[in-house]
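I open this notebook to record what I looked up in the structure shown here. The entries proceed by topic, each beginning with the item that I inspected.

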Amino acid sequence: MAFESLTERLNRAMKTITGQGKLTESNMDEMLREVRMSLLEADVNYQVVKDFVANVKEKALGQKVLDALNPGQMVVKIVKEELQQLLGNEDAQIHFNDNGITNIMMAGLQGTGKTTAAAKIARYLKNKKNKKALLVACDVIRPAAIEQLQTLGESIQVPVFTLGAETSALDTAKAADQYAKENGFDTVIYDTAGRLHIDEELMNELSMMKDFLHPQEILLTVDAMTGQDIVTVAREFNEQLQITALIVTKLDGDARGGGLLSVRSITNVPVLFVSNGEKVDDLEEFHPDRMAERILGMGDILSLIEKAQENMDVELAASSMERMQSGQFDMNDLLSQFEQMNRLGSFKGILKMIPGMNKMAGMVDDDQMNAQIKRMRAIINSMTPKERARPDILKASRKNRIAKGAGVKVADVNKLLTSFDQMKMMSQMMSGGMPAMNPFGGGFGKPGGFGGPGGFGMSKHSGSKKKRKAPVKKKKRR
Ligand SMILES: Nc1nc2c(ncn2[C@@H]2O[C@H](COP(=O)(O)OP(=O)(O)O)[C@@H](O)[C@H]2O)c(=O)[nH]1
Ligand SMILES: [Mg+2]
């Protein structure tokens, strides 16, 4: 995931100051030096870093901050606000045409993710904005691109218009425009061809399409992995085409993130979406405030909730949660939780969105986790309905049978049963309520962290008004 080391370094930088009772120019300078290094190492543009640090310093040395009760936390807040400013401050929105069809034109270099993003946006418009969307295949340079778009269109059930690779992009666009009008489409997304580098031919083709379509949006896809090149590419495309917004792709890779952090302030073009995977639902609306918090390791619980609402069966999750808290949780619930989790994407990604869990995320190996979950699912699937409902009846012979059925060792079955017991116990403790977690406070296992005094599920100051359940005696099983 992008920003991993930036987050860690920024956190370290700010720890130097949050612990200090008094803010002085010297400990401030030390922190800012660290912040500056972190950003440069993340490949953020030099001038952007310079301005950023100067702004933070100016604000932090302001009288109010120095006199504040906890100046360290005030500085963290200032850094967050400056980061947010850098990322654009306001959420960008798609401009819809009030008096007719909204035309959206994709642009970008080859391989940056135009075709994939076109389909993702079509899906987003259809599901979230109730649009009747049409995809148009105007990449006639690479014949496979038409097929790629058709396959994607099929998977999201959005029609794809094409005249084949023999017709020029402009003629295809003209015909598609006519077709959209005749068939009641309200939003049309034009996929276009890319090149390895910006060249005149490409720009001419795109300009002609633009002149004909008068698109409400020209969306440029840029690849996060290319770092500061994003800025160069965006600037050139913007000069020649006046792009309206950016889609930063491949944030799921190990990009350092500098491109995303620099591009807005240098080109003044807002980021509309970020893409973090190859699947059609791996697209996120870009919110500068949430991204700033994510970069600072504060998590992004709002985006996580939205993702959950979109991908999970919320009712099912709620009822399983209820069963968990009332101690009725069984293997069927566990199985359905695994399935729901699966739909939320990578574990690393999920953990990162939870405040305070950033460090944990760094330790998680997604492949290993997936293999483990697959094993656990196979074990549960080998149980009879009765065994799933009452795992406490599992004795040696049943365990043997299940292990065989799932192709695992008996030890794996035992491991699952132990985890299940632990989950059950945890859930009963958690029903006492979750305290607010401080991103700069303790981590897992530390005081104030998970399981420690004042931590996750055990806090006396959790602020939850829910009644605490009496601890349930653990049943003996084996
Ligand atoms: N990991 C990852 N891969 C992506 C993302 N977006 C696109 N891709 C992949 O990048 C490759 C190029 O994408 P494509 O849409 O064909 O790029 P185009 O040449 O600009 O149309 C394909 O293999 C996509 O699956 C993303 O956000 N994350
Ligand atoms: Mg393409």
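**Entry 1: strand E1 and its neighbours**

I began with the pairing of E1 and strand E5 (residues 217–223), which is parallel and comprises four bridges. I note at the outset that the model is a predicted one. As a particular pair I looked up Ile104, which stands opposite Glu217 in E5.

I then turned to the pairing of E1 with E4. Strand E1 (residues 102–107) is joined to E4 by four bridges, and the two run parallel. Ile104 appears here as well: its bridge partner in E4 is Ile189. For Met105 I found Tyr190 as the bridge partner in E4.

Next I asked how many residues of E1 are buried. The count is six of six, and I recorded the strand as mostly covered. I listed the side-chain directions in two groups: Thr102, Ile104 and Met106 point one way from E1, while Asn103, Met105 and Ala107 point the other way. Members of both groups are buried without exception. This agrees with a general rule, namely that side chains in a regular strand alternate between the two faces of the sheet.

**Entry 2: strand E4**

I examined strand E4 (residues 187–192) in the same manner and found it mostly covered, with six of its six residues buried. Thr187, Ile189 and Asp191 point one way from E4. Val188, Tyr190 and Thr192 point the other way, and these too are buried.

E4 also pairs with strand E2 (residues 133–138), in parallel, through six bridges. One of the residue pairs I looked up joins Cys138 to its bridge partner in E4, Thr192.

**Entry 3: the sheet as a whole**

I asked in which order the strands of the sheet are arranged. The order is E3-E2-E4-E1-E5-E6-E7-E8, an open sheet of eight strands with mixed pairing. At the edges I found strand E3 (160–161) and strand E8 (283–285), each of which pairs on one side only. E3 is joined to E2 by two bridges, and these strands run parallel. Leu135 has Val160 in E3 as its bridge partner.

**Entry 4: the surroundings of ligand 1**

I counted the shell around ligand 1 at 16 residues, the closest being Gly111, Thr116, Asp252, Ser275 and Glu278. By class, the shell divides into one nonpolar residue, ten polar and five charged. Which helix gives the most to this shell? I found it to be helix H6 (residues 114–128), with four residues.

I then listed polar contacts of the ligand. A polar backbone atom of Lys114 is 2.8 Å from an oxygen atom of ligand 1. A polar side-chain atom of Gln148 is 2.9 Å from an oxygen atom of the ligand. For Asp252, I found an N or O atom of the side chain 2.7 Å from a nitrogen atom of ligand 1. Taken alone, the ligand exposes 580 Å², of which the protein buries 79%.

**Entry 5: Arg123**

I located Arg123 in helix H6 and asked whether to class it as buried or exposed. Its relative accessibility is 17%, and the limit for a buried residue is under 20%; Arg123 therefore counts as buried. Leaving aside residues up to four places away in sequence, I found that Arg123 touches Lys128, Ile156, Val280, Asp281 and Glu310.

**Entry 6: helix H11**

I looked up helix H11 (residues 258–267) and recorded it as mostly covered, with eight of its ten residues buried. The buried residues are Gly258, Gly259, Leu260, Leu261, Ser262, Val263, Arg264 and Thr267. After H11 comes Asn268, for which I noted a positive phi, near 65°.

**Entry 7: totals for the chain**

Finally I recorded values for the whole chain. It contains 21 helices and eight strands. Of its 478 residues, 49% count as buried. The chain exposes about 23800 Å², and carbon and sulfur atoms supply 51% of this area. Among contacts with a separation of 6 or more, I found that residues 24 or more positions apart account for 72%.

Methods. Residues are numbered from 1 along each chain as its sequence is written. Chains are lettered from A and ligands numbered from 1 in the order in which they are written. This is a predicted model: local features need pLDDT of at least 70, side-chain atom pairs count only at pLDDT 80 or more; totals for chains, interfaces and linings use all residues. Side-chain values use heavy atoms; hydrogens and water are left out. Buried means under 20% relative accessible area, exposed over 50%, partly exposed in between (1.4 Å probe, protein chains only). Two strands pair if DSSP finds at least two bridges between them. A residue is near a molecule or strand if one of its heavy atoms lies within 4 Å of it. A polar contact is a pair of N or O atoms within 3.5 Å; within protein, one must be able to donate a hydrogen and the other to accept it, and residues adjacent in sequence count only if both atoms are side-chain atoms. Accessible areas come from the Shrake-Rupley method with a 1.4 Å probe; for residues, only the protein chains shown count as cover. Ala, Val, Leu, Ile, Met, Phe, Trp, Tyr, Cys and Pro count as nonpolar, Asp, Glu, Lys and Arg as charged, and the others, Gly among them, as polar. Contact means heavy atoms within 4.5 Å.
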